[in-house]
Amino acid sequence: MRSAQAELEARCDGLLARIDGLGSGGIGHLDRVSTLVKAERKYLSNSALTSEAGLLCSNVAFFEALVAIVSWLGTGRLRSRSEPSPPQDTLNTAARLLHRVSYASASPSPSHVSVDVVCANLWIKARAGSVASARLDGDTDVHSSSEDGDSDDDDPPVARDAKVPADPFSSLRIVRQAKALVEAAKQHLFHYKPPTVLICFMMGNTAIDTSSISVADLEPLSLPELDPMDALLVDTLTAIGVHVCLGLNHFKHVVQQTNSSIVNYSSTPSTLPLHPSFYLAPLLNLDISTLISLVSDICHRFPLVPNHLYDVHGLQIQQTGERARPLLPRLLRALEGRQLVVTRMAFTRFLGIADKIAGPLERARVIALFDRDGMVKEDMDALARITATDGSWKDDLLREDAYMRPLVRRIKVVPDAPSDRFLQLLTDGKTPPLERRSKGKSNRQQSGKSVNPSASISPLKLSEINVAIFGTGDALRATTITANEGLVRSFEMHLAGVSVFLHEPRSLIEARKGGY
């Protein structure tokens, strides 16, 4: 028994080293996984407490499966705590481990389910063992660890008088978990689509695989032969709506298959998971912070901006971030091939900011951004007040600033028409002076869609400008592009299904301290 105990302790040490190398600043709850592995290591090192049964029930294999999946998904490229500005890719991958999700069910109170790995459009359930081990795990208490180190989930509530179907697997824990995950995914949309739910059986092989994620480097797919009852269980899980993976290599192929169908760009990279911008809606709604970033001299003429202008902490962070990873090429990648809109309230507020603090070239870029076709006279007049000092600004921009070419007159101004669920979040509880939909039915009634009842009692409260911007994007089923990280985190906590794409902020700087 001592040799088995020592082996498990060594595996814990290897896990901790690998977790440390993942860069915990970019993965939610990775510190919790590290704490759990350390607790497991401490327990295993205490020979007085560790029994043979305790060794058999160790969670080490599950943690190895978890880390193997995360390693392949590429989250090892995420930032460490010491990096001042997280990559834009990291902010939108939404990588979290052991993430507890609430969802509405037949129960009057919210139900919960734990997702082992959340990564972009994927919800992944890790199983260290085989399909057979899950089949033998039928009535295990949901608050205790299973024999293969599975994580703990809450089961969906079942009415006491409900009829038990003639299904040999209906009582299995893995089946109950699959149903809960699929139902929760329907209520937690990722850019207006339910996340893809995967259950990955590592088939007893939990060795950490740090191989390339290049599609070309995938090993040929060879699935293990299953017992007839195990194959039937796989069919049952598939019918529920989950993708079943038999081993890490099969998982890689399934991820490739589930993601490739949503890509329609000729410049698609050969690595998966795909860049977060590929998952966005075809309609993009631009926040004020994004409009400022698109015209900022920090993005367009970074080498020419004098160092003395970065004289406050926020600007110093932007300087460091722009030097390390220029923002505009990554933003343009997200905007490519999509329709761009801005709400009227955001447009008006942005022009007011630019009129006060933008420099000559920044103002010129402001003028170049917006589509005049169909623009109302009030907006045309507001845009006309943002004048450039150089009458040849258009030619200069197109000739010297390659980043402006794909942006010229791309953004259309649309009325403020927020969704009902955002109108309910106003800080004063009153309907704002926003341009509303036609009188009569609400947009919920018009669409025939049900809304999670928990949304009406959300503790989140928003200002009028944020309701106008993000609420209109929600009503249009657009992805809202923003640098407002605090607000995005609030949505994640209190308002499910808001489609946002987060980037680092950049400021108007050309006219700061007299200009340059």
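How many residues does helix 20 have, and how far does helix 20 reach from its first C-alpha to its last? Good morning, colleagues. The model before you is a predicted one, and I shall begin with that helix.

Helix 20 runs over residues 464–475 and has twelve residues. From first C-alpha to last, the helix reaches 15 Å, close to the 16 Å expected at 1.5 Å a residue. Helix 20 is also mostly covered, with ten of its twelve residues buried. Among them are Ile 465, Val 467, Ile 469 and Phe 470, but also Asn 466, Thr 472 and Asp 474. Just after the helix, Arg 477 adopts a positive phi of about 55°.

I turn next to Thr 290, a residue of helix 10, which spans residues 288–295. Is Thr 290 buried or exposed? Thr 290 counts as buried because its relative accessibility is 0%. Which side chain does the side chain of Thr 290 meet in a polar contact? The partner is the side chain of His 503, at 2.8 Å. Setting aside neighbours within four places in sequence, Thr 290 is in contact with Ile 481, Thr 482 and Ala 483, as well as with His 503.

Finally, the nonpolar cores. The largest of these holds 58 residues. Those touching the most other members are Phe 350, Leu 351, Leu 369, Phe 370, Ile 411, Phe 422 and Phe 491. Taking Leu 351 as an example, and again leaving aside neighbours within four places in sequence, its contacts are Val 366, Phe 370, Ala 382, Leu 383 and Ile 386. A second, separate core has 37 residues, including Ile 27, Ile 124, Met 202 and Val 254. In soluble globular proteins, nonpolar side chains tend to be buried together.

Terms used: Residues numbered from 1 in each chain as written. Predicted model: local features only at pLDDT ≥ 70, side-chain atom pairs only at ≥ 80, totals over all residues. Heavy atoms only, no water. Helix = DSSP H or I, 4+ residues; strand = E, 2+ residues; numbered from the N terminus. Buried < 20%, exposed > 50% of the residue type's maximum accessible area, 1.4 Å probe, protein only. Polar contact = N/O pair within 3.5 Å; in protein donor to acceptor, adjacent residues only side chain to side chain. Contact = heavy atoms within 4.5 Å. Expected span 1.5 Å × (residues − 1). Core = buried A, V, L, I, M, F, W, Y, C linked by side-chain atoms within 4.5 Å.
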